[in-house]
Amino acid sequence: MDEKQKIEHQIELATRAATLVKDEATVQRFRSFAEELKRKLLRMMRRGQVRARAYELWEQAGRPVGRDLEFWLEAERQIEEEREERKSSGTPSKR
């Protein structure tokens, strides 16, 4: 089971546990935990997208040495710009 699957499994367990518990404070803690895990999963997925995009940019530039940060930052900028465009146009994100 990879890291993504583990986090998805933990989200499922926390969500299921929240439906079984009677104590409202505990229910809220489970829900908060599930939300925190969802944010972690989203960050992890975005990091993978940035990595792939930075690699593409690096290859397109002829694989120059010592410019990894430049390509990483450009990839982050492009992906964030695409996300904002999807958000403003109402197009669902690719997750």
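**Figure 1. Where helices H1 and H2 meet.** In this predicted model, one side of the contact is built from Glu 3, Lys 4, Ile 7, Glu 8, Gln 10, Ile 11, Ala 14, Thr 15, Ala 17 and Ala 18 of H1. Their partners in H2 are Val 27, Phe 30, Arg 31, Phe 33, Ala 34, Leu 37, Lys 38, Lys 40, Leu 41, Met 44 and Met 45. Sorted by class, the contact of H1 with H2 holds 13 nonpolar, two polar and six charged residues. As you look through the names, Ile 7 and Leu 37 are among the nonpolar ones, while Glu 3 and Lys 40 are among the charged ones.

**Figure 2. How H1 and H2 are arranged.** Two packed helices are described by the angle between their axes and the distance between the axes. Here, H1 covers residues 3–20, and its axis comes within 8 Å of the axis of H2. The two axes cross at roughly 160°. Because angles over 145 degrees count as roughly antiparallel, H1 and H2 are roughly antiparallel to each other. The crossing of H1 past H2 is left-handed.

**Figure 3. Two residues of H1, Ala 17 and Gln 5.** Both views start in helix H1, which contains Ala 17 and also Gln 5. Is Ala 17 buried or exposed? Its relative accessibility is 18%, and the limit for buried is under 20%, so Ala 17 counts as buried. Follow the chain 13 residues from Ala 17 to Phe 30, and the C-alpha atoms of these two residues turn out to be separated by 7.0 Å. Gln 5, with 41% relative accessibility, counts as partly exposed. Between the C-alpha atoms of Gln 5 and Leu 41 there are 9.5 Å, although the two residues are 36 places apart along the chain.

**Figure 4. An aromatic pair in H2.** The count of aromatic pairs comes to one. Which residues form the pair? The partners are Tyr 55 and Trp 58, with ring centres 5.4 Å apart and 45° between the planes, so the pair is classed as tilted. Both residues belong to helix H2, where they sit three residues apart, about one turn of the helix. Tyr 55 counts as partly exposed because its relative accessibility is 44%. Trp 58 is partly exposed too, with a relative accessible area of 25%.

**Figure 5. Arg 63 in the loop between H2 and H3.** Find Arg 63 in the loop that joins these two helices. What is notable about its backbone? Arg 63 has a positive phi of about 60°, although it is not a glycine. Leaving out residues up to four places away in sequence, Arg 63 touches Tyr 55 and Trp 58, the two partners of the tilted aromatic pair. With a relative accessible area of 45%, Arg 63 is partly exposed. If you step 10 residues along the sequence from Arg 63 to Arg 53, the C-alpha to C-alpha distance is 13 Å.

**Figure 6. Where helices H2 and H3 meet.** Helix H2 spans residues 24–60, and its axis lies 8 Å from that of H3, at an angle of about 120°. That angle makes H2 oblique to H3. H2 passes H3 in a right-handed crossing. The residues in the contact of H2 with H3 divide into eight nonpolar, two polar and eight charged. On the H2 side you will find Arg 46, Arg 47, Gln 49, Val 50, Arg 51, Arg 53, Ala 54, Leu 57 and Trp 58. They meet Phe 71, Trp 72, Glu 74, Ala 75, Glu 76, Gln 78, Ile 79, Glu 82 and Arg 83 of H3.

**Figure 7. Neighbours in sequence, Arg 77 and Gln 78.** Helix H3 runs over residues 68–89 and includes Gln 78, and Arg 77 is found in H3 as well. Which residues does Gln 78 contact, leaving aside its neighbours within four places in sequence? They are Arg 53 and Leu 57, both listed on the H2 side of the contact with H3. At 19% relative accessibility, Gln 78 counts as buried, whereas Arg 77, at 40%, counts as partly exposed. The C-alpha atoms of Arg 77 and Val 50 are separated by 9.1 Å, and the two residues lie 27 places apart along the chain.

Definitions and conventions. Residues are numbered from 1 along each chain as its sequence is written. This is a predicted model: local features need pLDDT of at least 70, side-chain atom pairs count only at pLDDT 80 or more; totals for chains, interfaces and linings use all residues. Side-chain values use heavy atoms; hydrogens and water are left out. Helices (H or I, at least four residues) and strands (E, at least two) are DSSP runs, numbered from the N terminus. Buried means under 20% relative accessible area, exposed over 50%, partly exposed in between (1.4 Å probe, protein chains only). Contact means heavy atoms within 4.5 Å. Axes are lines fitted to C-alpha atoms, for helices over the stretch in contact, and angles run from 0 to 180 degrees between N-to-C directions. Angles under 35 degrees count as roughly parallel, over 145 as roughly antiparallel, 65 to 115 as roughly perpendicular and the rest as oblique. A crossing is left-handed if the near helix is turned anticlockwise from the far one by less than a right angle, and right-handed if clockwise. Rings of Phe, Tyr and Trp (its six-membered ring) pair if their centres lie within 6.5 Å; planes under 30 degrees apart count as stacked, over 60 as edge-to-face and the rest as tilted.
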